[in-house]
Amino acid sequence: MDNQPLKVGQPAPDFELMDENKNKVKLSDLRGKTVMLLFYPMDFSPTCTTEHCTFGPELPHIQGKAGSNVVVFGVSTDSPFSHAAFKKQYNIPYSLLADPTRKMVKAYGMWAGEEPYNCSKRGTVIIDRNGKIAHYEEVPMREARKVEQLEKLVARASA
């Protein structure tokens, strides 16, 4: 069952990952909030950099009316050390979660495979306040997501 796409309405697989500061982030601690997971292939790659540089200044718009009840995380298989450098260089205002074991990425069906990538897919997963999948979408690896689309998804999931 590993690396299968998740379905809307099913419980989100729990996870515990380190952020860029090596702080542990557990999904179960975020109950009551809408959680947006922005899976991306690699720190410092062109499309990923474009996305995070675009999303950062637009974070209040992405969170919308729900504001602080929406938590946004970038997720990739890079290390906390790489995330820290990436976040600092590009002034990314949300935490970047590290999954070097690839367990969480696979549990969420976002593993691109060993060859030729050895990284996560680009995709968006939104988890509602009750811990259920509210939105699940894979995005082509070389296509950047749009702020407007993320805004709409969050608004729908937090309504």
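**Histidine 52, two nonpolar cores and a pocket**

Student: Is histidine 52 buried or exposed?

Tutor: The relative accessibility of histidine 52 is 1%. The cut-offs are under 20% relative accessible area for buried, over 50% for exposed and partly exposed in between, with a 1.4 Å probe and protein chains only. Histidine 52 therefore counts as buried.

Student: What kind of model is this?

Tutor: Residues are numbered from 1 along each chain as its sequence is written, and side-chain values use heavy atoms, without hydrogens or water. Local features need pLDDT of at least 70, side-chain atom pairs count only at pLDDT 80 or more, and totals for chains, interfaces and linings use all residues, since the model is predicted.

Student: With which side chain does the side chain of histidine 52 make a polar contact?

Tutor: Histidine 52 sits in helix 1 (a DSSP run of H or I, at least four residues; strands are E, at least two; both are numbered from the N terminus). Beyond four places in sequence, histidine 52 is in contact (heavy atoms within 4.5 Å) with Tyr40, Gly74, Phe86, Ile92, Tyr94 and Leu96. A polar contact (N or O atoms within 3.5 Å, a possible donor with a possible acceptor; sequence-adjacent residues count only through side-chain atoms) joins the side chain of histidine 52, at 2.5 Å, to that of tyrosine 94.

Student: Which helix supplies at least two residues of the largest nonpolar core?

Tutor: The largest nonpolar core (buried Ala, Val, Leu, Ile, Met, Phe, Trp, Tyr and Cys joined through side-chain atoms within 4.5 Å) has 23 residues, and Leu37, Phe39, Phe73, Val75, Tyr108, Val125 and Ile127 have the most contacts inside it. Strand 3 (34-39), strand 4 (70-76), strand 6 (122-127) and strand 7 (133-139) each supply at least two residues of this core, as does helix 4 (103-107).

Student: How many residues are in the other core, which includes Met36?

Tutor: This core lies apart from the largest one. Met36, Cys48, Ile62 and Val147 are among its members, and its count is 19 residues.

Student: Which residues beyond four places in sequence are in contact with valine 75?

Tutor: Valine 75 is one of the residues with the most contacts inside the largest nonpolar core. With neighbours within four places left aside, its contacts include Leu17, Met104, Val105 and Ser120. The rest of the list is Leu37, Leu38, Phe39, Tyr40 and Leu97.
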